[in-house]
Structure formats: structure tokens, C-alpha cells
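Got your viewer open and a selection box ready? Let's walk through some side chains together, stop by stop.

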Amino acid sequence: MTGLFLAVASDVSLWPIFAALAGVVTVLGLMIVFRCNAFLALLLAALVVAILSGTGGWNPMQEVMSALGSTAGGIAIVIAMAAVIGKCMLDSGSADRIVNAAISVTGEKKAPLGLLGSGFVLAVPVFFDTVFYLLVPLARSLYQRTKKNYLLYIMAVGCGGAITHTLVPPTPGPLLVAANLGVDVGAVMLVGLLVAAPSSVLGLLFCYFMDRVLNIPMRPVAGVKADSPANDEEDLEEKEHPTPLRQVPLWLALAPVVLPVLMITSSTIATTIADNQDRGKLVAEDLTDATAFAANIASSAAADAHSPAGRILASSNLSDSQRTGLTSGSLDADAITAALNSVLLDKSLFEATAFQDVGLDESLRTKLSANQLRTKPAEMRHLNRLLLEATFPNQIAPHEWNSTARIWANRLDGIGNASLALTIAAVISILTLAWARHRTFHAISGDVEEALMSGGLIILITAAGGAFGGMLQKAGISEAIQGMIDLEGSGGLTVMLLGFVIAALLKVAQGSSTVAMIIGSSMVAAMVDISALDYHPAYLVTAIGGGSLIGSWMNDSGFWVFTKMGGLTESESLKTWTPLLSILGLSSLVFSLILATVVPMR
């Protein structure tokens, strides 16, 4: 077989797909036919999927609540603070100050290119949602200045942010795909930028086209009114007897945007440096007697396949030759060490009953029991190394994890927390508004409350979308798709097409680009010999990343961030955001194929 082959195996259950389709019909039916509120529609759809898939047993609502709470916990503070920042920057004149400075550099006609570039650069170290929150006030302020092209401005921000978020490390998605495929991160960064740059240009051209076709005006959103009318006694007094507005210095205007980026980026850089040390990785000297250790694993696994040794030999990260070598005793110390290092990257190595007799620290047991899908390779190797050190204390030497780089990474991890960074930025924006407008904190508290109330609606809708996607994941949609795909004998550019298709199917089915990339790359890695490709596997990473952009709709939190923060209706986002990301995804695939053919880098 030399091409892509899709087939439904006899042992593949189609029930998860049926449950997913039922959820899709529920969302679309309630929102389009019955004009139901988005939060309620998504919540009911998540419950439908949970019931049909049996998630949560007799208490499916508990699972829905858990998924909703998990999503809200990750985005609530960020969205709330972003709403406050946006309103304060507009009311204080900070956003206008930044826009004026940007236009003086690029010119008004090239302002969308500046917004695209800002999103493109900022989304490399910062999550897309945070980038959009930070830049959308600038797009709104630019519209207030030009009175045109609002849709173009917000789409340009989203276009730049979305493409690097899915293609360029150290954003978690492409970083973890690189780890799953065993690709050098530096090569992925280079190829990601080469693919993302022309793709974003095509995306920007589509933004220009849609702005001409739809011409959507700016609407009130997240507590920010288009003309910021006064509505309390102090505002009315200020309107009748206006207080002179202080000119906000450019550095102060930029602070709420630049400071969070610097905080988050510092943490990203420090963590990347610490991860590159890979302190959990074994060297031959860490094994007291490598040959004796391999013999111990072979004999223990033969006696009890469900023992820790059995879990090691059953690891999917071992190749057949490594597994055979460990059991036959034919490997030397270096080969044994290499095999064990592969096992240390296995995210499913720990199984509670297999290690129940091992005296593990409770915090370690808790970490190993958690879902490891998004755990980075260095952290996974560290956790599994601790597991094996506790299991075989006399045969594996303990490792020192807390290097100087790791200590600094841990310190900066708190500083680089997005919620903390945006909270500090919100405080700065509030103080700037008080200074620039000569306003009391009593008056400003009303503005903040208004922004938080509108931000609360966005939090609820985004969290409900996360719950819907979470129920689709728990329904087993990923496993069902994997069971329908046969890739035996495929190779060359076909593998890139396969990775793209799998990631696209997973994205449409469950909503998260990051999850689609991680699961899709794991599936490809399990079915294809990556070393046999006739091009650098970094191109495979960008192809999978492109697939994860396809089909952004109601189960994608990014869809709701764009819709609600941008002030668009669901229908308008389906006409603009969904096709924009599809164009970015398809162009990423095309440029990956072209570059892999012209510059294979093997």
C-alpha cells in the first residue's frame, strides 16, 4: 500500500463518532434554529455527548462541570483582566497613543500589516488567547481613528497570532509534536517560521477580501462602548465640565501590553534553557550494572507481566529490536541506556496497580496519575526517572533535577504566569486612567465593574466550549479516528498529508488545536518510521500544525475569544474566522510540501 487508506476496522466502535455527531447537531440546532444562548447550547451539547458516551456513569453532569471548571480556571482571570485593560487603555488614551506611534512608522495604509506582525511575533512565546486580548484594544482604537476596516484589523491580529501559535516553538503544541516525532526543536523553529511567514501573508490577503465583502462595524464588547458614554453623576459632571486629558507617554501606554509579554517570555526562555539540560536523562554511569539490570527486568517481567519490569518491556516507546535485546541480554551498556531513555519518555509508563508496592512520594504518585498529554519531554523524563529510581534504588543512581537553570525557571514560572502578568497590567492600566483623566477610584470602579460583567459572559461561553470539547475527548473520538486509519506502507509526502488529515479531523471533532496536534503526531509516530522519510521531519511538524487549524467552530475556545472579544456574531465568525484558519492551515500544508520537495534538508 503506497497511499493514504481510510477504512473502518471490524473492531472499531462507531459509537463515539455517533455521540460527537449528536453533540454537533445539538449545538447547531439550538443556536441556529432556536436562537439559543451560546452558553446554554454548548452546555447542553456537552451533556448530550457525556450521556451518549457513558462519561461519568450515572452522574454525567459531574464530568461536564469538571471540564467546564478546568477550562474556566485557565482562562477566567486572563479574560477578566483583559477586559479591564481594554477599557482602561481606550478611556485613558493609551490605545490611541500606541496606534498613533505605529501609524507614524508604518503609515495608515499599512496598519494591518503592523497588527499582523505584532500578533505573529507575540504568539511565539505567548498563548494565542493572551495575544488577542492584548492587541484587540489597539485594533479598536485604530478603528476609532480611521472609522473603517474594523474587521480587517481584528482579523489581522488573529491571523498573525494563530499561525505562529500552531507552527513555531516554544508554544506547547509544536514543541510537543517535535518531541513526539523526535525532531530537533531548533529545526522546527526554523521551518515553522519559513512556513508561517508566507502563510500569514495569504491569510492577510483574505482578511482584506472579507473586510470588503462584509464591512462589519465595531460594536460594544467586554465593557468597552464605541463612544464610551458617561452614565453616572461624576461622568455627567465631567462631560459638562471636561477635565483636560493628560498626554500618556508612549512607554506608559505600552506597559500593559509589553510588560505581560516580557514576564511570560522570561519564564518561557528560562524553562526552555532548563529543559534543554534534560537532567533526567540517563547516562551509562547512572546504572550500577547495566547488563545485570537488563537481566533483572527480563526475569521479573517473565515472572509477572504486570510488574514494573513488565511495564518497562511493554512500553510502546521501545522498538522491537530494543525489546528483544533487553530480554535476550544482547545489548551493551550504551544500548541499554538508550532503550531506558526511550522508556522514560513514555507518558503511560506509570500504572497505579503495577507500582502499588513501590514506596512513592505522594506528590510524585499524584503527578504520575494525572493526564500527561501536555507534559513536556524533559519533565516527563524527570518524573519517570524518579519512578524508576524508587523502584530500583540500588541499580539506578538518583539524579539532581534542581540545577541553577531549573531553580531560575521555577522562580520565573510564577512571574511568567499569564493570569498574574495580566493582573499587574490591569492595575497599571487603571492607574494610568486615573492619572490621565484626573478621575477618582470611585468613578473608575464603575468602569472596571462594567468591564468585568461583560468579561464574565465571555468566560462562561469559553468555558462551556471547553466542556463540550472535553466531553468529545472523553467520548473516545480520537481513538475512534485512529482505529479507522491504516497507514501501512505509506511514505514520503503521503505521510504529511496523513498527519494533516488526522490533525484536521481531531480539531473539528474536539476543538483544541494543541490536543489535535499532540494526539495526531502520536498516531503518526506509531504508524510511520520517521527516520525513513526523504525530507526533514520538521516539515511533518508544520503539516500537522496546519491540520490543527482546520475547522475552528463552536467547540474551539479560540472561536469564542475572537467572536466575543471582537464583538462579532457567531454567524459572522463562521464566515470570517473559520475560513481564515482553514486558509492558514491549507497554506501551511502547501508550503510544507513545497519546501520539503525543494529543500528537503536531509
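The tour below goes from aromatic rings to charged pairs and ends at a lone arginine.

Keep in mind that this is a predicted model.

**Stop 1: the rings.** Across the whole structure, a search turns up eleven aromatic pairs. Select Phe132 and Phe562 to begin: their ring centres are 5.7 Å apart with 50° between the planes, a tilted pair. Zoom out and you'll see that the two come from distant parts of the chain, 430 residues apart, with Phe132 in helix α6 (residues 128-146) and Phe562 in helix α25 (residues 557-566). Phe132 counts as buried at 1% relative accessibility, and Phe562 is buried too, at 0%. Now add Phe128 and Trp577 to the selection, and you have one aromatic cluster made of Phe128, Phe132, Phe562 and Trp577.

**Stop 2: a charge over a ring.** Pick Trp408 and Arg411. The charged end of Arg411 sits over the Trp408 ring, 5.0 Å from the ring's centre.

**Stop 3: salt bridges.** Side chains of opposite charge can pair when their charged atoms come close. In this model the count is eleven salt bridges.

- Select Glu572 and Arg219, which meet in a salt bridge at 2.7 Å, N to O. This one links distant parts of the chain, 353 residues apart: Glu572 is in helix α26 (residues 570-598), while Arg219 is in the loop between α9 and α10 (233-240). Glu572 is buried at 15% relative accessible area, whereas Arg219, at 25%, is partly exposed.
- Next, try Arg381 and Asp278, a salt bridge at 2.8 Å, N to O. Arg381 belongs to helix α17 (residues 377-391) and Asp278 to the loop between α11 (250-277) and α12 (290-303), 103 residues apart. Both Arg381 and Asp278 are buried.
- Then go to Lys507 and Asp556, where the closest N and O atoms of the salt bridge are 3.5 Å apart. Lys507 lies in helix α22 (residues 493-510), and Asp556 in the loop between α24 (538-547) and α25. Lys507 and Asp556 are buried as well.
- For a network of salt bridges, select Asp275, Lys376 and Arg406 together.

**Stop 4: an arginine without a bridge.** Finish on Arg365, in helix α16 (residues 362-369). What is the nearest side chain of opposite charge to Arg365? That's Glu362, 4.8 Å away, and Arg365 is buried yet has no salt bridge. Show what surrounds Arg365: leaving aside neighbours within four places in sequence, Arg365 is in contact with Phe350, Ala352, Phe355, Gln356, Val358 and Leu360.

Methods: Residues are numbered from 1 along each chain as its sequence is written. This is a predicted model: local features need pLDDT of at least 70, side-chain atom pairs count only at pLDDT 80 or more; totals for chains, interfaces and linings use all residues. Side-chain values use heavy atoms; hydrogens and water are left out. Helices (H or I, at least four residues) and strands (E, at least two) are DSSP runs, numbered from the N terminus. Buried means under 20% relative accessible area, exposed over 50%, partly exposed in between (1.4 Å probe, protein chains only). Lys and Arg count as positive and Asp and Glu as negative; His and the chain ends are not counted. A salt bridge is a side-chain nitrogen of Lys or Arg within 4 Å of a carboxyl oxygen of Asp or Glu. Contact means heavy atoms within 4.5 Å. Rings of Phe, Tyr and Trp (its six-membered ring) pair if their centres lie within 6.5 Å; planes under 30 degrees apart count as stacked, over 60 as edge-to-face and the rest as tilted. A charge sits over a ring if NZ of Lys or CZ of Arg is within 6 Å of the ring centre and within 35 degrees of the ring normal.
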